[in-house]
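Reader: Could you walk me through the charged pairs in this protein? Short answers, please.

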Amino acid sequence: MHPLSVSLVQGTQSLGLSLIEKQHQQLLAYLDLLAKWNKTYNLTALRDPAEMLTHHLLDSLSIIAPLQRHTEGRPIQLLDVGSGGGLPGVVIAICCPEIQVTCVDAVAKKAAFVQQAAGVLTLPNLRGLHARVEKVSNTFEVVASRAFASLPDFTAWSAQTLAEEGVWLAMKGRHPAEEIVALPASVDVFHVEQLRVPGLDAERCLVWMRKV
């Protein structure tokens, strides 16, 4: 049994997620992969698997329920901008098999890692893309980011990737009031949702935006 499996199951239950055993296994396998590749590729500053579970896995899992409420099980295309080692993109791909997830990163080895994870974890709905987001021409119903850039930069750089009725989802720490004020009139913040990450004593929120 994986040393972190109990913590993961407790965390997902406390987030109100009903994941099957296979999804728990994939999440733990992803964590192991991240830890293994991290030695060479420097995908995250964290080195301790237990910390990675809380700060990366559970943190990313905290947006699954809000995302599922939004999509209502519809098969959509989602872009994870500046995905790094695949957070939250890989986690979304595992928990929501109906969502086609593209993780874009300007660093080739990070996109390669996501591509590797898609193969190892057998996730046909996941791909890693090495590119700058400004150069991506496809459109997506959801464009997400986690600790990527300020809200004005994130929305400006990825504007052409957002489908007509699409939404931006930005994972943030504390409420980014100053960034929201700095947004252009063409971006509407229609909801700021507080997130609670099990085992993490820090503020987290999810900023929902759309084009006006």
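**Salt bridges**

Author: Start with one pair in this predicted model. Asp188 and Arg210 form a salt bridge, and their closest N and O atoms are 3.1 Å apart. Asp188 sits in strand S6 and Arg210 in strand S7, so the pair links distant parts of the chain, 22 residues apart.

Reader: Is Asp188 buried, partly exposed or exposed?
Author: Buried means under 20% relative accessible area, and exposed means over 50%. Asp188 has 26% relative accessibility, so Asp188 counts as partly exposed.

Reader: How many salt bridges does a search of the whole structure find?
Author: Side chains of opposite charge can pair when their charged atoms come close. A search of the whole structure finds this many salt bridges: eight.

Reader: Which residue forms a salt bridge with Asp59?
Author: Asp59 lies in helix H3 (residues 49-61). Its partner is in strand S7 (residues 204-211), 145 residues apart from Asp59. The closest N and O atoms are 2.8 Å apart, and the partner is Arg204.

Reader: Is Asp59 buried or exposed?
Author: The cut-off for buried is under 20%. Asp59 has 3% relative accessibility, so Asp59 counts as buried.

Reader: How many residues apart in sequence are the parts that Glu193 and Arg69 tie together?
Author: The side chains of Glu193 and Arg69 meet in a salt bridge, 2.8 Å from N to O. Glu193 lies in strand S6 (residues 187-195) and Arg69 in helix H4 (residues 64-71), so the parts tied together are this many residues apart in sequence: 124.

Reader: Which of these two counts as exposed, Glu193 or Arg69?
Author: Glu193, at 13% relative accessibility, counts as buried. At 54%, the residue that counts as exposed is Arg69.

Notes. Residues numbered from 1 in each chain as written. Predicted model: local features only at pLDDT ≥ 70, side-chain atom pairs only at ≥ 80, totals over all residues. Heavy atoms only, no water. Salt bridge = Lys/Arg side-chain N within 4 Å of Asp/Glu carboxyl O. Helix = DSSP H or I, 4+ residues; strand = E, 2+ residues; numbered from the N terminus. Buried < 20%, exposed > 50% of the residue type's maximum accessible area, 1.4 Å probe, protein only.
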